[in-house]
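Student: Could you take me through one part of this model in close-up, the place where the ligands sit? I'd like the atoms and cut-offs spelled out, and then a quick step back to the chains.

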Amino acid sequence: MMPHVLTRSLDRSATIFLAVVAAVGILIPLSNLLLPAGSMFQVPTYLVALFGKYVCYAILALSIDLIWGYCGILSLGHGAFFALGGYAMGMYLMRQIGSRGVYGNPILPDFMVFLNYPELPWYWYGFDTFWFAAVMVLLVPGLLAFCFGWLAFRSRVTGVYLSIITQAMTYALLLAFFRNDFGFGGNNGLTDFKDILGFNVQADGTRAALFLLSCLALIIAFLICRAVVTSKLGKVLIAVRDAESRTRFLGYRVESYKLFVFTLSACMAGVAGALYVPQVGIINPGEFAPGNSIEAVIWVAVGGRGTLIGAALGAVVVNYAKTVFTSGPLAPYWLFMLGALFILVTLLLPKGIIGTFNAWWEPWKAQRIAANAESAALEDGVSVSKPNPAE
Amino acid sequence: MNALPTRTTSALLYLDGVHVSFDGFHAINNLSLTLEPGEMRAIIGPNGAGKTTMMDIITGKTRPDEGEVLFDGITDLTRLDETRIAELGIGRKFQKPTVFESQTIQDNLLLALNVDHSVRGTLFWRETKDESERIERVLETIRLKDARHKLAGSLSHGQKQWLEIGMLLAQDPKLLLVDEPVAGMTDVETHQTAELLKEINKDKTIMVVEHDMTFVRELGVKVTCLHEGTVLAEGTIDQVSSNERVIEVYLGR
Ligand SMILES: Nc1ncnc2c1ncn2[C@@H]1O[C@H](COP(=O)(O)OP(=O)(O)OP(=O)(O)O)[C@@H](O)[C@H]1O
Ligand SMILES: [Mg+2]
């Protein structure tokens, strides 16, 4: 089973992509830890954290591409699943602070003491254990996506309407998490983390390990996506994307397929958020902002919808551009540039970076396949066409 | 269910007193029609007569306001959705050929095969010998063997029609609803399609809608003429085409 799935999933470009991610995941931490600070090839710690952030965004982009690129579900609220995963991890990190907080309360995080919480709210129970939090990272986004999808897909909400309600979902969560009485730190969110699994989150070694783990998560997420899209289920997803009602008339329960892939995608986004939080050191309600989700969709469009590799690449490229521009004098104009980028890509590279590249490459590849098929047919000695009954 | 429990007949498809209106426009009016198992029926009628809408009702796309639609004498199709009806063994070819354009011809057929359609089943699916042989046979029948790796979107209109018929074959339903199969085909292709349908009819029940009277004549089966959502005439092609009303509303003098 496994070898079969692997050979199916790993075509040339997928293998190259994985090799690059693995190399980056190993070399960057090594250079950071082993080379002397200030040497030309040493990657400074702040860059490790920055690249780690990009890798998390790449996972988020993959999760969006899986549903949008392959099943035509345009979620403009995927940032919500990312943020929920992030909050689950943030809650664990808060509980790890223990009595080292400003108020020194062994159980209650600082913001709860400040807001006069008498005791820990029940939904914070269990988050002092890593494994519980790790399960929640998958479960909370997954469950929300499942419930949301069950309602939306069963009532056949599609297209723009679905996009709008996903925006509404993330906006509603934004408002809820802003409230102080919601129990997640309100406006300020969760921050001032001390350690993760006993390691100091600020330490170089921890940052390097988190970076490596993020790359590993990207590899796993990519493999899962590839296994899904190269299976027969992947063909059904594309069928749903291109001709949804036709798929129903063939006897496929379209809503089940959408629900499966939407839930899987939300879990992936949750993992991305969970890896993101310890690396950036904070999670606040701003992560639920509708704009974040839209930005993530732009990464996918730029990189190439329905190509997976393009989605990951788009996330890195756009965010790198963002880092460059927002740290320079052009900072106030970043959103205009992002908008312009989106319009330019839509007009000039409608298939995105990777999609455009494939459009060159595919005809050549198709020729090769056709040539192979022809020679195979000759070897088998199969007659190519059937005698014509009209004659 | 009503005063006539013996109504559940031997018919494979049974429509009785069906009404459908769209915003007050009566597309289907007291339509009654039965198809015996193994029968092939040609449906003719002017544009807007309700032929496609009738297929929409049978396949669960449109819910009738009134009336009975029974499959196999027992199953009330008006309560089921498209997926369930397809699972029961009713396959459909659309008026406007609808194939999965960005996938290969072979994959289109693979998707149509009546095998496990559950999420689990397709996720863990592996090609079996039986399935590839079935696909092979269909490819041969629809003469697209050489084009199997081509994208369906690159086919001509006529070839898409054939691919869709091929998908019906792969689906292997009990009842085939075929909406305007020869539109966009050359005379030779039209003739081949008639032959193919007759061949399929050897073990399947078929309802075929077509405007091409030469084609209908070639099928040589019972004909029903619809007009304004109801049956205007029924019988052999000669009976129907000599019917005064049919000539008036459809065939022209
Ligand atoms: N969903 C719908 N909403 C509103 N009107 C509809 C709908 N579907 C069909 N109609 C109308 O019902 C009538 C019957 O249409 P239908 O497509 O069944 O005709 P037809 O017999 O298949 O015609 P043709 O030969 O042109 O294919 C038409 O007047 C059409 O405009
Ligand atoms: Mg029609």
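Tutor: Sure, let's start with a contact: a polar side-chain atom of H211(B) lies 2.8 Å from an oxygen atom of ligand 1. That is a polar contact, meaning a pair of N or O atoms within 3.5 Å; within protein, one must be able to donate a hydrogen and the other to accept it, and residues adjacent in sequence count only if both atoms are side-chain atoms. Before going on, some ground rules: this is a predicted model, where local features need pLDDT of at least 70 and side-chain atom pairs count only at pLDDT 80 or more, while totals for chains, interfaces and linings use all residues. Residues are numbered from 1 along each chain as its sequence is written, chains are lettered from A and ligands numbered from 1 in the order in which they are written, and side-chain values use heavy atoms, with hydrogens and water left out.

Back to ligand 1. In the side chain of T53(B), an N or O atom is 2.5 Å from an oxygen atom of the ligand. The backbone joins in too, with an N or O atom of G48(B) 2.9 Å from a ligand oxygen. On its own, ligand 1 has 630 Å² of accessible area, and the protein covers 63% of that (Shrake-Rupley method, 1.4 Å probe; for residues, only the protein chains shown count as cover).

Who else is around? There are 14 residues around ligand 1, and N47(B), K51(B), T52(B), T53(B) and H211(B) come nearest; a residue is near if one of its heavy atoms lies within 4 Å. Two elements of chain B, β2 (25–35) and α1, give two or more residues to this shell, and α1(B) gives the most, with three. Helices (H or I, at least four residues) and strands (E, at least two) are DSSP runs, numbered from the N terminus. By class, the shell has five nonpolar, seven polar and two charged residues. Here Ala, Val, Leu, Ile, Met, Phe, Trp, Tyr, Cys and Pro count as nonpolar, Asp, Glu, Lys and Arg as charged, and the others, Gly among them, as polar.

T52(B) has a second job in this description: its OG1 and the OE1 of Q95(B) are the protein donors of the magnesium ion (ligand 2), lying 1.9 to 2.1 Å from it. Donors are N, O and S atoms within 2.8 Å of the metal (3.2 Å for Na, K and Ca), and water is not among the atoms, so sites may look incomplete. The pair is 43 residues apart: T52(B) sits in helix α1 (residues 51–58), and Q95(B) in the loop between β6 (90–93) and α3 (105–112) of chain B. T52(B) is partly exposed at 26% relative accessible area, and Q95(B) is partly exposed at 36%; buried means under 20%, exposed over 50%, and partly exposed in between (1.4 Å probe, protein chains only).

Stepping back, chain B has ten helices and ten strands. Its radius of gyration is 19 Å, close to the 18 Å from the globule rule for 253 residues, so chain B is as compact as a globular protein of that length. The radius is taken over C-alpha atoms, and the rule is 2.2 Å times the number of residues to the power 0.38. Of those 253 residues, 57% count as buried. As for chain A, it comes to 15 helices and four strands, and 48% of its 391 residues are buried.
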